[in-house]
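Trainee: Got a minute to go through this one with me? I have it open.

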Amino acid sequence: MAANYNAEPILKVEHMSQHFKINSAFTVKAVDDVSFEIYPGETYGLVGESGSGKTTIGRGIIRLYDPTGGKITFKGADITGRLNRETSQLLRTKMQMIFQDPMASLNPRKKIGDIIGEGLDIHHMYRTKEERKEHIDGILKKVGLAVEHYDRYPYQFSGGQRQRVGIARALIMNPELIIADECISALDVSIQAQVVNLMKDIQEETGTAYLFIAHDLSMVKYISDRIGVLHLGKMLETGTTDEIFSRPLHPYTKSLLSAIPSPNPRVEKARTAVEYDYETSGIDYGKGSLTLVEGTHYVHGTAEEVRKWTSESAG
Amino acid sequence: MADKILEINNLDITFSTTAGPVHAIRGVNIDLERGETVAVVGESGSGKSVVMKTVMGILAGNAAINRGEILFRYKQDNGETVEVDILKKDKKWIRKNINGRRIAMIFQDPMTSLDPTMTIGKQLMEGMIMHLGITRQEAAERAVRLLEEVGITEPGRRMKQYPHQLSGGMRQRIVIAMAISCNPDLLICDEPTTALDVTIQARILELIKKLQAVHGISVIYITHDLGVVAKVADYVNVMYAGKIVEVGNIEEIFYEPKHPYTWGLLSAMPDLETDDARLYTIPGSPPNLLHEVKGDAFAPRNRYALKIDSIAEPPMFQITKTHFAATWLLDPRAPKVEMPEELKKRVARMLKEADRNGGQL
């Protein structure tokens, strides 16, 4: 199932902020006034360097943090502030997360079957033990594990298999949005491709949407329909994958794209990355705002900056 | 004979673990010429770090070296070239004459290779005072110059700072400064940029490249990132399950790979033009070396595997003067198998892109 842009967005993030107060004089603005939306069945990639706030956004959406500002709407329900019983239920079942390090996110003392089935237990989603087992076995098969793996423990699996368990745990709730936070970064290249293919297959089958958080741009480009580029807690540029990669406007995006090493020695050896330093760039993120360029392509900057960048890229 | 600085011949290592002996390195050969850059590529567990730790004489205590030699040639201070077999020397000798002095190593995570309780300056000077026998003052002066060379601003102030006060990229620069502080002949970089962001990664790689040219250092990169390899390496060794399965110069490995494992590695990584619906994957996962491998270790994951692969291990077949691959597909009796269609297209695309940009080696 392809992304459905005519439907209502499944997730709407409006002016989200996440500030951490260190002491009375100093507050870290990890995420500052970020807005975007995700449509059903779509994959939205969030990229940026470490410290740019991409993980914080993911955690804020699923309410591992309490965002300090803005409004997040999931399937039409406001999920900011105090959650009532229904919204909490909706959020905890229909939105799921896959974490970066599969070893750290699986309880080493629990069997795989019980790790995957925990959500079912908490939300009382089965009537008999057999029904539970059947459900878990089905998911195990779906993610490419065997039914015999039910009784094993996380340490008995390889990295790639563990990440499959992480995916299975998310899938069992039939989520409509999965937040995948650097979920392939800890895996080997050949295993990364397996997991990415699995995620694509699952999306095709179930129509779930992904918020794909990563710093590996070539993978993000491959899997995402639309991309948002973050830096220092600000959304600097967003648009379809094609818009961002074929016509990057913001200097930071340009530098980020130029830094991707390409597996092509002749090209790679002749190339140097474009440098970008916020302090010396003369750009003040506080002044600009997200401005529409064309289609769904937005860039963050003052009117003058945006004019300059667009004319540069046209010429 | 060419000026080989390092020659690893038929290295074979077993680790004894509670689960039984693990045959981690099964006959590895690597050559490195002076001033060149060699990359060792492989998945985690393929043994690439173990080989480099052996070169440094810092193997874990449960490792047993069954066979092999590691010949290292360096110029002594009086200009005489000496050849030593590192495996025959004791730890103390290696520590005094090799580690940090002739061969330096850069590790993946800069935070774990720096001492959090020591100032940057003290850590930088420590090695120089010990190895070069210079005074504190000379060492301090050199340290400031080194910091400047690796692109750190306000070096005087940084000398008094502690590692936690610096960013990840800066820390890795400090580690690089420490590594080159004693003018080593050989620099081993074990995943030097894996813990860093892409933008910083590019700058660190460019820095290492520059220093290499200035100081005439030979470099070994251990990495799993083929993009990094493409940027820095002259020669590539592809390692799988404790063996080198393909070796060649950078063009041969990227444009004319012969081993199915290299095909898999190259196709599994999407380049920026990949828009196929599915990524090519290498099925399964690497073998467990607890069990002795019979035949070709890659055969169970190889869709081109032949019958012979499960019986006998393939020897290294020579393709060109510099290009070797260990796969039975290259045997004259084997059926003719070409590289997968997707990869062929990708290579054609890469060559076209290179022509367009006028890229030259």
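Trainee: How many helices and strands are there in chain B?

Mentor: Chain B has twelve helices and twelve strands, as DSSP runs numbered from the N terminus (helices H or I, at least four residues; strands E, at least two). This is a predicted model, in which local features need pLDDT of at least 70 and side-chain atom pairs pLDDT 80 or more, while totals for chains, interfaces and linings use all residues. Residues are numbered from 1 along each chain as its sequence is written, and chains are lettered from A in the order written.

Trainee: What radius of gyration does chain B have?

Mentor: 22 Å, which agrees with the value near 21 Å for a compact globule of 361 residues; that is over C-alpha atoms, the rule being 2.2 Å times the number of residues to the power 0.38.

Trainee: And domains?

Mentor: The assignment for chain B gives domain 1 (4–233) and domain 2 (257–357), with bounds from an automatic or database source. Their centres, over C-alpha atoms, are 30 Å apart.

Trainee: How many residues of domain 1 of chain B are in contact with domain 2?

Mentor: Nine, against seven residues of domain 2; contact means C-beta atoms, placed from the backbone, within 7 Å. Strand S2 (residues 20–33) of chain B gives the most to the domain 1 side, with four residues.

Trainee: Switching to the chain contact, how many residues come from each chain?

Mentor: 41 from chain B and 35 from chain A.

Trainee: Which helix of chain B gives the most?

Mentor: H8(B), with six residues; H8 covers 198–215.

Technical notes: Two residues are in contact if their C-beta atoms, placed from the backbone, lie within 7 Å.
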